[in-house]
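Thank you all for coming. I would like to walk slowly through one model today, so please have the sequence and the structure open in front of you.

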Amino acid sequence: MARSCLAAAARVARWADAALGPGRDGATADGKATLSDASAERAARDLGLTTAQVRADWDTARLAGLIEVHGDTARPGWRLRAWDRDDSAVLRGWVALCDAWSLACPEPEEYEPATVAEVVTAMPQVLSFLQLSAGPVPVPQLLDLLQQRVTELRTERCEIDYVPQADDAPGPADDRPGTGPGTLQRPRPALAGPAADAPLEPLLDWALRALASVGALTYGDGQATLTPLGSWAVWVKLEQICVAAQSPAGNIEQGAEDMLRGCAQLRPNAARAEYRAWLAARPVAGAVSELIAAARGEDALLRGLAFEALRVVGAPAEPEVRTVLDEPTLRPYALLWLAEHDGADPEDAHAVLTREEATWLWVDTAAAVADHGEAPLLVRHLESAVQPTVPALLTEVRAVGHPRTVQVLVALAAAHPDPALAKAVRRAAFQVHTGG
């Protein structure tokens, strides 16, 4: 269904990729991502459409992330690149379009922007009711719900200082307890005025038509029904809200780096719950970019935790994870992530690493333990090395050139209970430090 809804938009997006890419004629002329007249006419000729159809499909493609416009240049979004091989990219594109339903059709001009915003804010509750109803719902019933929700929104905003009105002044006979000058009065909701008095039926009609235009529901004969795709989208949103509400450590509003630091002391299951809550509260593309940026930092612990969080993201993170394969600092983590994503057992995934990559990862993990763990844990980390002996490990550790090699070896020497082994490790640290 999502592919069907976006098929026309994808067709225009592919045309724009071929005809309006870098080095070709500009796509726009106003700097606002609106298709220029010349480009619209050219697309109409090439695709056998009217210019109005081209413009409508262009707008849909931008809202769904199939087209990105930078100045006068149009380029394909990552969802278009993944269109043929990744169903989740198609679904995410449709969800982006559904989230932007209020832009799909122009709202009635006679309404104040504040009233339109109230209706847009109230519609998720209307959609949730449609989803729970699992069938046609009469429009009058939806209108009652919309009016209730808008009234709630207006009441919530009425936290204003009380200003006495002329008819509030007590008369000579008004000697009731709790009245009179100096008595605190309860604020009255400021709901008067055209915006408050305007009927909501036309705005509900506009909202239902707009949601129908993006494929979220069907609307006619005085009733509305969610499509299977619309029902799925509402279910996903409700699931995200529930997941976000279950944040065990309260790091949802933090940036990726602070969130990862907050998860460092959690047990694995609790940390994964926190990752899911954090991810549910933000767009996946931005969340993945934040996690990758945190992994590029100097703290090796955050690097490992960032890729644990990316495991929770799953398939949508794959394109960006692949882009870091050329970065030595992130390559071992990315290779393991991709191997597990492709179905390898986590216990066997290390087979995808070369000896040098495995050694580099050992040093990086040791750096995280040295910075944030305890000495016995660093000693036990020796057992995870791929080298069969400590001398072989020290030789290869010196060769990989990890920037934290000296600090790791010094910490290991200080922690190890065997004096002879500690001495050999200290000697290796000195040799790395002096370049020997």
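Let me begin with a question: in which helix is L204 found? L204 is found in helix α9, where helices are DSSP runs of H or I with at least four residues and strands are DSSP runs of E with at least two, both numbered from the N terminus. Before I go further, please keep in mind that this is a predicted model, in which local features need pLDDT of at least 70 and side-chain atom pairs count only at pLDDT 80 or more, while totals for chains, interfaces and linings use all residues. Residues are numbered from 1 along each chain as its sequence is written, and side-chain values use heavy atoms, with hydrogens and water left out.

Back to L204, then. L204 counts as buried because its relative accessibility is 1%; buried means under 20% relative accessible area, exposed means over 50%, and partly exposed is what lies in between, with a 1.4 Å probe and protein chains only. If we leave aside neighbours within four places in sequence, L204 is in contact with M123, V139, L142, L143 and L146, contact meaning heavy atoms within 4.5 Å. One of these partners, V139, is 65 residues away from L204 in sequence, and the two C-alpha atoms are 8.6 Å apart in space.

Now the chain as a whole. It has 21 helices and five strands, and buried residues make up 41% of its 436 residues. Among the contacts with a separation of 6 or more, 62% come from residues 24 or more positions apart. As for confidence, the mean pLDDT of the chain is 83, and 85% of the residues reach 70 or more, pLDDT being the predictor's confidence in each residue, from 0 to 100. Over residues 166–194, however, the pLDDT is below 50, and this stretch has 20 contacts in the model beyond near neighbours in sequence. Residues 159–164 also stay under 50, and for them the model has seven contacts beyond four places in sequence.

Let us turn to the sheet. Three strands form an open sheet in the order β3-β5-β4, with antiparallel pairing. β3 (137–138) and β4 stand at the edges with a single partner strand each, so one side of each is left without a neighbour in the sheet. Two strands are said to pair if DSSP finds at least two bridges between them. On one side, β4 (residues 217–220) and β5 (residues 223–226) are antiparallel and share four bridges; Y219 has A224 in β5 as its bridge partner, and G220 has Q223. The hairpin of β4 and β5 has two residues between the strands, and D221 there takes a positive phi near 55°. On the other side, two bridges join β3 to β5, with V137 partnered by A224 and P138 by Q223.

Which side chains of β5 are buried, and which are not? They alternate, with A224 and L226 pointing to one face and buried, whereas Q223 and T225 point to the other face and are not. Helix α9 (residues 201–213), where we met L204, lies across β4 and β5 and runs at about 130° to β4. L226 also appears in the surroundings of Q131, a residue of helix α6 (residues 113–133): leaving aside neighbours within four places in sequence, Q131 is in contact with L226, S231, V234, W235 and L238. With a relative accessibility of 16%, Q131 counts as buried.

Finally, a pair of helices. The axes of α1 (residues 2–19) and α3 (residues 51–63) come within 8 Å and cross at roughly 90°, where axes are lines fitted to C-alpha atoms, for helices over the stretch in contact, and angles run from 0 to 180 degrees between N-to-C directions. The two helices are therefore roughly perpendicular to each other; that word covers 65 to 115 degrees, while under 35 counts as roughly parallel, over 145 as roughly antiparallel and the rest as oblique. L6, A8, A9, V12, A13 and A16 of α1 make the contact with V54, D57, W58, T60 and A61 of α3.

For contrast in accessibility, R81 in helix α4 (residues 78–81) counts as exposed at 56%.
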